[in-house]
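I am opening a notebook on a structure that is new to me, and I want to write down what I looked up, place by place.

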Amino acid sequence: MPSESDKWGWKHVSVFGGFDKGSGTKRWKCNHCNLRYNGSYSRVRAHLLGFTGVGVKSCPAIDRSLREAFQILEEERVAQKKKRTAGSGKTGKRIRTSQPSVTCVWKTIAKEDVDDIVARFFYADGLNFDILDSPYFLEMTKAIAAFGPGYEPPTAEKLSDLFLSKEKAKIEKAMTLVRESWPHTGCTILCVNQSCRTEGSSYTNLFASSPRGLMFLKALDINDGDVMDMFVDGLSDAIMEVEPTNVLQIISNLGHASESFEPLILSKFPHLFWSPCTSHSIHVLMEDIAKLDWIKPIVLCAKGIEECILTYHRSSLSVLIRESSDPLSTKFAPSYCIVERIFKLKQALLGIVVSEEWKQWKLTIQEDVLNVETAILGDNFWSRACLLLQFFEPFVRLLTTLHIEKSVMGDVFNWRAQALEAVKSKGVDNILLNQLESLIESKWDMLFSPLHASGYILNPKYFGKGQSKDKTVMRGWKATLDRYESDSAARRVLREQLSSYWRLEGSFGEEDAVDCRDKMDPVAWWENFGFETPHLQTLAIKILSQVSSVSTYQETWQDNEFLCQAVANRLGGERVEDLIFVRNNLRLHCQRKGNSRSSPSYRSQSSSPPSGDKTWETVHLDQMKGIVNIHNIL
């Protein structure tokens, strides 16, 4: 008869009474959740494996991977028991019985020795230390520890074949709910360029984004052959995989290359929208505003001042210089931010240019810094900089409240309207205000998708904002209908149903519908109150379900290195595609579960230069923290 100590479950509980007491019933406490029970091994097993109906609860502290490892141990225990019953002297363990000493060694090894072995593995194979932060690495180590001595990892052949196929099948099954949601909400195809530093090549990652989640579709190798045909064919295949009727728009960060790809894709799928990335468009718009005739000289002067002062401090042995940049300035409004930064440092700059150290430094350089001195010591630059900040501040302040990556289609129109109203309230000269409005009007259709206009119309939160009298908004609505619906009769139905929405006819005029406009998610609002206008309801749900920016995905995936060529050659084309599919969707799953430590954005944010004396650069960063409060000092 096997002893009680042969049963793996006893290793995971603390028993109040030994195995030699002669009784199968014992008092025990789970080492994972600290729950206490009375009972035999059958209850221990049920608690650890998640069985019910035997008077114990499933252990809440055991995750899926650990429970699967326990299941393997249980299957081996049962197999061993059957073999003993059959009179066989062999065991079902993966470790041979002729090597009992191995078990003893691994039971008594110290944690420090285990750490040495793990470290040696990383050093010998040149692995990235960030792997230690991967939840999958932690899951693996727990599972191996739970299995105990004798575990033998799968072979390379099985990893690249059997287990890869199993993992891909699991992922595809897990993404079923995402795929099933596409006919209802539609989805956006995201094209994210990625450069492989080790190979010196570029790839384009294709994702399908919807409210249910982000799914990696495929990666396009655009380094060899006809790039145009390869990209168009690859993107077309992805659209067909998702189903063309489920795709509403495509957003890319391909730059000028989009101008070549767009007409070819839209000729195949005429109902799709090729939408500019909202983050990039706002950046371009803000920089275009900074190029207005009366603003540009102020920005150039501020840049000249900063460059001169940085050069001065680099030459000073008493100052430690560290180059840095602020995410907001580099992403949306660098021209505004540099003027704001110089303006806040006015008193410090005045002190610098009259100091003896500055005078001595001027004698050692060839450049003429008289213009910089004049700008700092005079009033003209400071008064014009103050006016610029008054002019720009509403746009930048509202950008901090507009979460681009999570914004709903149409929010950018509300940002524009609020910013213009705020500029008007500051009493800015009408001529300057007209220049601003003319610039925005001339650039808007080129920079922003017409879906934004339709989203601004259909979002119940913005009901009654005068959209029907805004020619930019209505022009965007017309462009949306012309592309979305090829049949004129169907377009007429949509226009009629929009009028019903605006007139509060039927369910739109109900008390709950009016009360919940700004209290419910806009998609949920249309699902509940748009049933009397089904065609408009379908369009509204699809538009309001889309993302508008690709920048967050570009930042997240910028260090996601593509497989090296040696690995690709060894696996073969089909297996490489499967491995990339599995790897990237596992990473997305990790991010959805909140394991941000595995993402590059976490690593970049968590790393910072060593602290030191406050310098021009650290003052730069300190001042940037108060960017939205500039109006308090104007």
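**Entry 1: the whole protein**

I began with the secondary structure, which comes to 31 helices and 8 strands. I note at once that this is a predicted model, and I keep that in mind for every entry below. Of the 634 residues in the protein, buried residues make up 43%. I also looked up how contacts are spread along the chain: among those with a separation of 6 or more, 66% are between residues 24 or more positions apart.

**Entry 2: a sheet of three strands**

Next I turned to an open sheet, in which 3 strands are arranged in the order 1-2-3 with antiparallel pairing. Strand 1 (13-16) and strand 3 (36-39) each have a single partner strand and stand at the edges, so one side of each is left without a neighbour in the sheet. On average, and with direction ignored, neighbouring strands of this sheet are turned by 30° against each other.

I then went through the pairings one at a time. Strand 1 is joined by 4 bridges to strand 2, which covers residues 26-30, and the two run antiparallel. Strand 2 is in turn joined to strand 3 by 4 bridges, again with the strands running antiparallel. Which residues could I follow across the sheet as bridge partners? I found that V15 has W28 in strand 2 as its bridge partner, and that W28 has Y37 as its bridge partner in strand 3.

I looked at the connection between strand 2 and strand 3 as well, and recorded that they form a hairpin with 5 residues between them. N34 lies in this loop, and although N34 is not a glycine, its phi is positive, at about 70°.

Along strand 3, I checked which way the side chains point, and they alternate: Y37 and G39 point to one face and are buried, whereas R36 and N38 point to the other and are not. The last thing I noted here is helix 1 (residues 41-49), which lies across strand 1, strand 2 and strand 3 and runs at about 15° to strand 2.

**Entry 3: a pair of helices**

I moved on to a helix pair, bearing in mind that two packed helices are described by the angle between their axes and the distance between the axes. Helix 22 (residues 471-484) packs with helix 23 (residues 488-502) at an angle of about 140°, and their axes are 10 Å apart. That angle makes helix 22 oblique to helix 23. The crossing of these two helices is right-handed. For the residues that meet, I listed M474, W477, K478, L481, D482 and Y484 from helix 22, and R491, L494, R495, L498 and W502 from helix 23.

**Entry 4: two loops further along**

In the loop between helix 23 and helix 24 I stopped at L504, which has a positive phi of about 60° although it is not a glycine. L504 has a relative accessible area of 33%, so I wrote it down as partly exposed.

In the loop between helix 24 (511-515) and helix 25 (522-529) I looked up C516. Is C516 buried or exposed? With a relative accessible area of 17%, C516 is buried. Not counting residues up to four places away in sequence, C516 touches W525 and F529. C516 and F529 are 13 residues apart along the chain, and I noted 9.9 Å between their C-alpha atoms.

**Entry 5: S545 and Q546**

My last stop was the loop between helix 26 (534-544) and helix 27 (551-556), where S545 lies. S545 counts as buried, at 9% relative accessibility, and its side chain reaches the backbone oxygen of I541 at 2.5 Å. Leaving aside neighbours within four places in sequence, S545 is in contact with T185, P211 and V523.

Q546 is found in the loop between helix 26 and helix 27 too, and it counts as buried at 3% relative accessibility. What does the side chain of Q546 make a polar contact with? I found the side chain of T188, at 2.6 Å. Its contacts, again without the neighbours within four places in sequence, are T185, G186, C187, T188, S209, L248, Q249, S407 and M409. I underlined T185, since it stands in the contact list of S545 and in that of Q546.

Definitions and conventions: Residues numbered from 1 in each chain as written. Predicted model: local features only at pLDDT ≥ 70, side-chain atom pairs only at ≥ 80, totals over all residues. Heavy atoms only, no water. Pairing = 2+ DSSP bridges. Axes fitted to C-alpha atoms, helices over the stretch in contact; angles between N-to-C directions. Contact = heavy atoms within 4.5 Å. Buried < 20%, exposed > 50% of the residue type's maximum accessible area, 1.4 Å probe, protein only. Polar contact = N/O pair within 3.5 Å; in protein donor to acceptor, adjacent residues only side chain to side chain. Parallel < 35°, antiparallel > 145°, perpendicular 65-115°, else oblique. Left-handed = near helix turned anticlockwise from the far one by under 90°.
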